[in-house]
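Thanks for coming. I have one model to go through this morning, and I will put it on the screen now.

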Amino acid sequence: MARIAAEPIRRAEIVKATIQEIGRAGSLEVTVAQIARRAGVSAALAHHYFGSKESIFIAAMRHVLSIFGAEVRGALLTASDPKSRIEAILQACFAPGSFRREVVAAWLNFYVLAQSEPEARRLLLIYHRRLHSNLLHELRPLLGRRAPMVAESMAGLIDGVYLRAALASGQGGKGVAPDRARAMALLLDHLDRELTLGERA
């Protein structure tokens, strides 16, 4: 019974260790042994729970996406109008849990994984569709037919911010947290410019 109860805890520790190891290495070039060592378990146990290194990466990806989804839902609870709901979505995109250095590195490497792993590609497509849908829903009342294009440009900016943050961490910025305030300012400036154009149209 105790062994069964310990399994979810051990799985969570392995997933957390995977994200930390990807962040440390800055790539997917980490071994199950390294992940297991950080998690405080044997490599054999990690293989037993997940089956392969790729499955561990997918579990880590699911975990990161789950945290992001929870951040979005929580942020939207306090927003009452379309613009504040867009701002809430952006706050969730750059929330502390999702914008830590190691998580940013994990995001970048999940994109790499998606090039060869169908399940990783599927998860990223779900993320992209949900983000676009959330933005589009709130932009429609503000921008009408321009909303799809603006939703796409904002989603692209979000991805770009993560890419730049990951590259900065890998070029002498190791251990330095990405600048959340700057990321938010960039996206909010873009939003305000689009809303101003909408008012003039």
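Before the details, one term: when I say contact, I mean heavy atoms within 4.5 Å. With that in place, take Glu-138, which sits in helix H7, residues 118-143. Setting aside its neighbours within four places in sequence, Glu-138 is in contact with Pro-82, Arg-85, Ile-86 and Ile-89. I should also say that this is a predicted model.

Let me step back to the whole chain. The secondary structure comes to nine helices and zero strands. Along the sequence, then, the pattern reads α-α-α-α-α-α-α-α-α. The C-alpha atoms fill a box of roughly 65 × 40 × 30 Å along the principal axes. Of the 201 residues in the chain, 42% are buried. If you take contacts between residues at least 6 apart in sequence, 69% of them join residues at least 24 apart.

Next, the core. In soluble globular proteins, nonpolar side chains tend to be buried together. Here the largest nonpolar core has 67 residues, and those with the most contacts inside it are Ile-14, Phe-94, Leu-131, Leu-135, Leu-139, Met-154 and Ile-158. Which helix gives the most to this core? That is helix H4, residues 53-76, with twelve residues.

Phe-94 is on that list of core residues with the most contacts, and its own surroundings can be read off. Leaving out neighbours within four places in sequence, Phe-94 is in contact with Phe-99, Ile-158, Val-161, Tyr-162, Arg-180, Ala-183, Met-184 and Leu-187. Ile-158, one of those partners, is itself on the list for the core.

Now helix packing, with two pairs that both involve H7. Two packed helices are described by the angle between their axes and the distance between the axes.

The first pair is H4 and H7. Their axes are 10 Å apart, and the packing angle is about 10°. Angles under 35 degrees count as roughly parallel, and H4 and H7 are therefore roughly parallel to each other. On the H4 side, the residues that meet H7 are Ile-58, Met-61, Arg-62, Leu-65, Phe-68 and Val-72. On the H7 side they are Glu-119, Ala-120, Arg-122, Leu-123, Leu-124, Tyr-127, Leu-131 and Asn-134.

The second pair is H6, residues 101-114, and H7. These pack at an angle of about 125°, with their axes 8 Å apart. Roughly parallel or oblique? H6 and H7 are oblique to each other, because 125° lies outside the ranges for roughly parallel, roughly perpendicular and roughly antiparallel. The crossing of H6 and H7 is left-handed. From H6, Trp-107, Phe-110, Tyr-111, Leu-113 and Ala-114 meet Ala-120, Arg-121, Leu-124, Tyr-127 and His-128 from H7. Ala-120, Leu-124 and Tyr-127 also appear among the H7 residues that meet H4.

Staying in H7, two residues are worth setting side by side. Arg-122 lies in this helix and, at 39% relative accessibility, counts as partly exposed. Its C-alpha atom is separated by 26 Å from that of Leu-139, 17 residues away along the chain. Back to Glu-138: buried or exposed? Glu-138 counts as buried, because its relative accessibility is 5% and the cut-off for buried is under 20%. The side chain of Glu-138 makes a polar contact with the side chain of Arg-85, at 2.8 Å. By contrast, Arg-101 is 37 residues from Glu-138 in sequence and 29 Å from it in space, C-alpha to C-alpha.

A few residues from other parts of the chain. Glu-21 is in helix H1, residues 2-25. At 5% relative accessibility, Glu-21 counts as buried. What does Glu-21 touch, not counting residues up to four places away in sequence? The partners are Val-30, Gln-34, Ile-35 and Arg-38.

His-190 lies in helix H9, residues 180-200. With 16% relative accessibility, His-190 also counts as buried. Beyond neighbours within four places in sequence, His-190 is in contact with Ser-153, Met-154 and Leu-157. Met-154 is one of the core residues listed earlier.

Last, a loop residue. Gly-51 is found between helix H3, residues 43-50, and H4. At 53% relative accessibility, Gly-51 counts as exposed. The C-alpha atoms of Gly-51 and Leu-28 are separated by 17 Å, with the two positions 23 residues apart along the chain.

That is what I had to show.

Definitions and conventions. Residues are numbered from 1 along each chain as its sequence is written. This is a predicted model: local features need pLDDT of at least 70, side-chain atom pairs count only at pLDDT 80 or more; totals for chains, interfaces and linings use all residues. Side-chain values use heavy atoms; hydrogens and water are left out. Helices (H or I, at least four residues) and strands (E, at least two) are DSSP runs, numbered from the N terminus. Buried means under 20% relative accessible area, exposed over 50%, partly exposed in between (1.4 Å probe, protein chains only). A polar contact is a pair of N or O atoms within 3.5 Å; within protein, one must be able to donate a hydrogen and the other to accept it, and residues adjacent in sequence count only if both atoms are side-chain atoms. A nonpolar core is a set of buried Ala, Val, Leu, Ile, Met, Phe, Trp, Tyr and Cys residues joined through side-chain atoms within 4.5 Å. Axes are lines fitted to C-alpha atoms, for helices over the stretch in contact, and angles run from 0 to 180 degrees between N-to-C directions. Angles under 35 degrees count as roughly parallel, over 145 as roughly antiparallel, 65 to 115 as roughly perpendicular and the rest as oblique. A crossing is left-handed if the near helix is turned anticlockwise from the far one by less than a right angle, and right-handed if clockwise.
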